[in-house]
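Student: Please take one part of this model and look at it closely. I want the elements and residues that build it, and what adjoins it.

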There are 2 protein chains.
Amino acid sequence: MANNNQSKTSARLTIGRLAKQAGVGIDTVRFYERRGLLPEPERTMAGYRVYGDDTAARILFIRRAKRLGFTLDEIATLLRLQDHGGKKAEVRSLTQHKLDEINAKISDLKRIRSVLQDLSASCSGKGNVDGCPIIEAISSMPT
Amino acid sequence: MANNNQSKTSARLTIGRLAKQAGVGIDTVRFYERRGLLPEPERTMAGYRVYGDDTAARILFIRRAKRLGFTLDEIATLLRLQDHGGKKAEVRSLTQHKLDEINAKISDLKRIRSVLQDLSASCSGKGNVDGCPIIEAISSMPT
DNA sequence: GTTGACCTTCGCCTAGACTCCGGGGTTTAG
DNA sequence: CTAAACCCCGGAGTCTAGGCGAAGGTCAAC
């Protein structure tokens, strides 16, 4: 079986090779398929999944979007917009929402950090826990 | 039954009253007990849990520590240190670790934010998704 | 004395993103 | 030909912090 009888010239991959190429596990590929992030692939007569290597690019897209903080559901939406010709405005709106979310998280964490910094600075770190200013501060924080 | 036959003078609460006083659900109280954050309470003859209101303070401590980003396991450690006379250094070390963790999260989020800001700014938001700079940027990011 | 509010345990459900397992069938290397 | 490596599917398990509900016992009020 040489380079084959399909109209596509791209490499045709089994799930294992695809997974390796994309840097994910086999289960992850099947999982993405179930979640609708990857289309159902063709099958061999034995039922094996067969992929073109455009699928590897799709998985890499998913990985990068994940690194930007998008959830799989959000990524599924991004992919649907690509697949079915959505509008730029929709993509930008998702990006903007994510940005808002991230900004909110950052402020939260900064607020927490400043409290923890104060606590950490207030404690000598010597002796046993009785009268530990950290514990006492937590005990008497506004609820 | 007036204010009672126990050596403690504090109010004795059923789980429902305790939960209400502490601002959590009943299930949460039982869950904290299972997780070792609350000691096993006394029981009435019928098997009802009975708490002194020091327990409410303990739950409030848990809630505040949670707000500072500590996990329940970490809080359990803090409580053990209080209960069994740990050292200030241990408390401070936990605080310091949490601080490091939070700083790491903040830098992560800031990095992501700056990417998303660039992406958002690069997109006109007009027209359909073909050639959307956000999509393209994600497609060609370094993996 | 009976309703309704409260309590008990047990065990399953949630979200997010996988990951592993078991019991098969298939393909490939030697 | 056979053993290793690969693939299939369905389902269960992981982690966090609880939520929910059933089936049944108790307690307080009217």
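The answer below starts at the DNA and then moves inward.

Tutor: The model is predicted, so local features need pLDDT of at least 70 and side-chain atom pairs 80 or more, while totals for chains, interfaces and linings use all residues. Residues are numbered from 1 along each chain as written, with chains lettered from A and ligands numbered from 1 in written order.

Start with DNA strand D. Surrounding this strand are 17 residues (near: C-beta atom, placed from the backbone, within 6 Å). The closest come from both chains: Thr14(A), Gly16(A) and Arg49(A), plus Gly25(B) and Leu72(B). Two helices each give at least two residues to this surface: helix 1 (15–22) of chain A and helix 2 (26–34) of chain B. Helices are DSSP runs of H or I, at least four residues; strands are runs of E, at least two; both are numbered from the N terminus. By class, the surface near DNA strand D holds six nonpolar, seven polar and four charged residues. Nonpolar covers Ala, Val, Leu, Ile, Met, Phe, Trp, Tyr, Cys and Pro; charged covers Asp, Glu, Lys and Arg; the others, Gly among them, are polar.

Now DNA strand C. Here 18 residues surround the strand. Thr14(B), Gly16(B) and Arg49(B) are among the closest, and so are Ala46(A) and Leu72(A). Chain A brings helix 2 (26–34) and helix 4, and chain B brings helix 1, each with at least two residues of this surface. The class split is six nonpolar, seven polar and five charged.

Next, the helices of chain B that appear on those surfaces. Helix 1 of chain B puts Ile15(B), Gly16(B), Leu18(B) and Ala19(B) against helix 2 of chain B (contact: C-beta atoms, placed from the backbone, within 7 Å). Helix 2 of chain B answers with Ile26(B), Thr28(B) and Val29(B). This contact has five nonpolar residues, two polar ones and no charged ones.

A small sheet comes next. In chain B, three strands form an open sheet in the order 1-3-2, with antiparallel pairing (at least two DSSP bridges between strands). Strand 1 (12–13) and strand 2 (42–43) of chain B are the edges, each pairing on one side only. Two bridges link strand 1 of chain B to strand 3 (residues 49–52) of chain B. In that pairing, Leu13(B) sits opposite Tyr51(B).

Chain A has corresponding pairings to inspect. Strand 1 (residues 12–13) of chain A runs antiparallel to strand 3 of chain A, joined by two bridges. Leu13(A) stands across from Tyr51(A). Strand 2 (residues 42–43) of chain A also pairs antiparallel with strand 3 of chain A, again over two bridges. Glu42(A) faces Val50(A) there. Five residues separate strand 2 and strand 3 of chain A in a hairpin, and Gly47(A) in the turn has a positive phi of about 95°.

Last, the contact between the two chains. Each contributes 47 residues. On the chain A side, helix 3 (54–67), helix 4 (72–83), helix 5 (88–122) and helix 6 (133–139) each supply at least two residues. Helix 5 of chain A gives the largest share, 21 residues. That side of chain A comprises 22 nonpolar, 15 polar and 10 charged residues.
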